[in-house]
Number of protein chains: 2
Amino acid sequence: MVTPDNTNITDTIIIEFSKTIEMFGLTPLEARLFTYLYLSGEALTLDEMSEALGKSKTSMSTNIRSLSELNLVTRVWRKGIRKDLYKANSQLFKTFMNSYISRWLEATNQQHDGLEDIKQQIEVECKENSITSEQKQLINRLDNILYFHTQIEKLFNEMNQNINK
Amino acid sequence: MVTPDNTNITDTIIIEFSKTIEMFGLTPLEARLFTYLYLSGEALTLDEMSEALGKSKTSMSTNIRSLSELNLVTRVWRKGIRKDLYKANSQLFKTFMNSYISRWLEATNQQHDGLEDIKQQIEVECKENSITSEQKQLINRLDNILYFHTQIEKLFNEMNQNINK
DNA sequence: TTTTACGTACAGTTCAAACTGTACGTAAAA
DNA sequence: TTTTACGTACAGTTTGAACTGTACGTAAAA
């Protein structure tokens with residue numbers, strides 16, 4: 001090896017770090033794309049990413065959009081350049097945690113509401129008919145599930161506070 | 001509606017609650033299976049689950065095994081019954097959080113180690129050759145990534161303490 | 001012992017998600 | 001204005017995961 005070549009090492013880091021990022025719910029390609037952007041340190045065009053990762057430009061477009069909606073990358077403007085430029089947000093912990101917590105809170109809130117609706121429905125039916133012990137048990141379980149959601153929401157709200165304090 | 005029929009309501013709960021459970025990284029079927037077990041309240045056989053969810057027995061076997069490895073369901077022994085019986089662990093929050101945190105810690109530890117190895121490798125190479133500014137930047141990014149892992153591990157360790165206190 | 005009933009390994013199939021290439025709309029450049 | 005360069009919608013293709021049925025190993029029952 002005469003000239004120093006960082007390609008191998010960079011690739012290895014990408015593979016390894018992408019595994020961690022996938023834990024945050026990203027697809028393998030989203031993860032690879034983010035890591036590549038992060039390591040490169042600069043804002044890149046779709047064509048550059050496409051070239052570097054060996055994937056189609058369409059795929060880059062789709063995946064960078066996902067990352068953008070998750071607030072993990074940011075579009076950058078530079079005068080004189082017509083192409084879109086994207087860079088990875090560099091505050092890893094804050095960036096990923098905020099994104100992750102938001103998704104959890106949004107999703108659990110949604111499902112919490114859905115389950116509350118179901119509970120209403122049960123209560124209406126229970127007034128009309130007599131309650132079987134089977135129904136009683138179902139209501140009990142449903143209450144536990146609702147409480148479970150409350151606990152999750154509490155936990156993630158606290159995390160949110162801690163991370164942004 | 002003459003006879004009270006909980007089937008519709010139960011199905012709706014399964015659909016809704018499964019969405020929440022999927023957030024913990026379970027597949028749709030794993031989620032449905034767990035929810036069904038949880039709502040039924042009793043220990044069930046593979047055949048009963050297969051019948052109830054309309055999926056093959058093989059599929060039940062595979063998925064119940066996954067849930068078991070995640071410590072979300074427990075195998076139950078009852079004398080005189082040859083079939084395997086499984087019940088859902090009923091302490092939802094504790095059960096899911098412990099399972100989830102374990103997976104995060106295990107995974108991030110693993111990847112942390114992998115990245116440390118890469119760092120060693122870089123340091124060896126840097127002694128042999130002179131360090132380019134590009135390499136310097138790569139090392140810096142890698143350090144940030146390693147620190148990111150440290151932060152995640154710290155966070156989940158703290159969560160673990162809080163949940164089991 | 002033989003027979004029966006069970007769980008699961010494995011190969012094949014089905015289905016959904018990931019990915020690509022083309023073709024189009026749009027906005028800058030000429 | 002026309003031309004060029006870009007991002008992306010969309011249809012088609014590929015790939016991998018989910019799922020099934022059969023066939024087997026094992027242990028209880030007869």
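This passage describes a predicted model of two protein chains with two DNA strands.

A good place to start is the fold of chain A. Six helices and two strands make up its secondary structure, and from the N terminus the order of these elements is α-α-α-α-β-β-α-α. The pair of strands is thus preceded by four helices and followed by two. The overall dimensions of chain A are worth a look on the display: along its principal axes, the C-alpha trace extends over about 85 × 35 × 30 Å. The radius of gyration is 23 Å, whereas a value near 15 Å would be expected for a compact globule of 165 residues. Of the 165 residues in chain A, 27% are buried. Contacts within the chain were also examined by sequence separation. When residues at least 6 apart in sequence are considered, 55% of their contacts in chain A link residues at least 24 apart.

Attention can now turn to the meeting of the two protein chains. Here, 38 residues of chain A make contact with 38 residues of chain B. On the side of chain A that touches chain B, at least two residues each are supplied by helix 1 (7-22), helix 2 (28-40), helix 5 (92-128) and helix 6 (133-164). In terms of residue class, this side of chain A contains 18 nonpolar, 16 polar and four charged residues.

The DNA strands come next. Around DNA strand C there are 16 residues, and the closest of them are Ser56(A), Thr58(A), Ser59(A), Ser61(B) and Asp84(B). Both protein chains are therefore represented in this closest group, as the chain letters show. Helix 4 (57-69) of chain A and helix 4 (57-69) of chain B each provide at least two residues of the surface near DNA strand C. Helix 4 of chain B makes the greatest contribution to that surface, with four residues. By class, the surface near DNA strand C comprises two nonpolar, seven polar and seven charged residues.

DNA strand D is likewise surrounded by 16 residues, with Ser61(A), Asp84(A), Ser56(B), Thr58(B) and Ser59(B) coming nearest. Helix 4 of chain A and helix 4 of chain B again supply at least two residues each to the surface near DNA strand D. For this strand, helix 4 of chain A has the largest share, at four residues. The residues near DNA strand D divide into two nonpolar, seven polar and seven charged.

How values were computed. Residues are numbered from 1 along each chain as its sequence is written. Chains are lettered from A and ligands numbered from 1 in the order in which they are written. This is a predicted model: local features need pLDDT of at least 70, side-chain atom pairs count only at pLDDT 80 or more; totals for chains, interfaces and linings use all residues. Two residues are in contact if their C-beta atoms, placed from the backbone, lie within 7 Å. Ala, Val, Leu, Ile, Met, Phe, Trp, Tyr, Cys and Pro count as nonpolar, Asp, Glu, Lys and Arg as charged, and the others, Gly among them, as polar. A residue is near a molecule or strand if its C-beta atom, placed from the backbone, lies within 6 Å of it. The radius of gyration is taken over C-alpha atoms; the globule rule is 2.2 Å times the number of residues to the power 0.38. A residue is buried if 20 or more other C-beta atoms lie within 10 Å of its own, exposed if 12 or fewer, and partly exposed in between; C-beta atoms are placed from the backbone.
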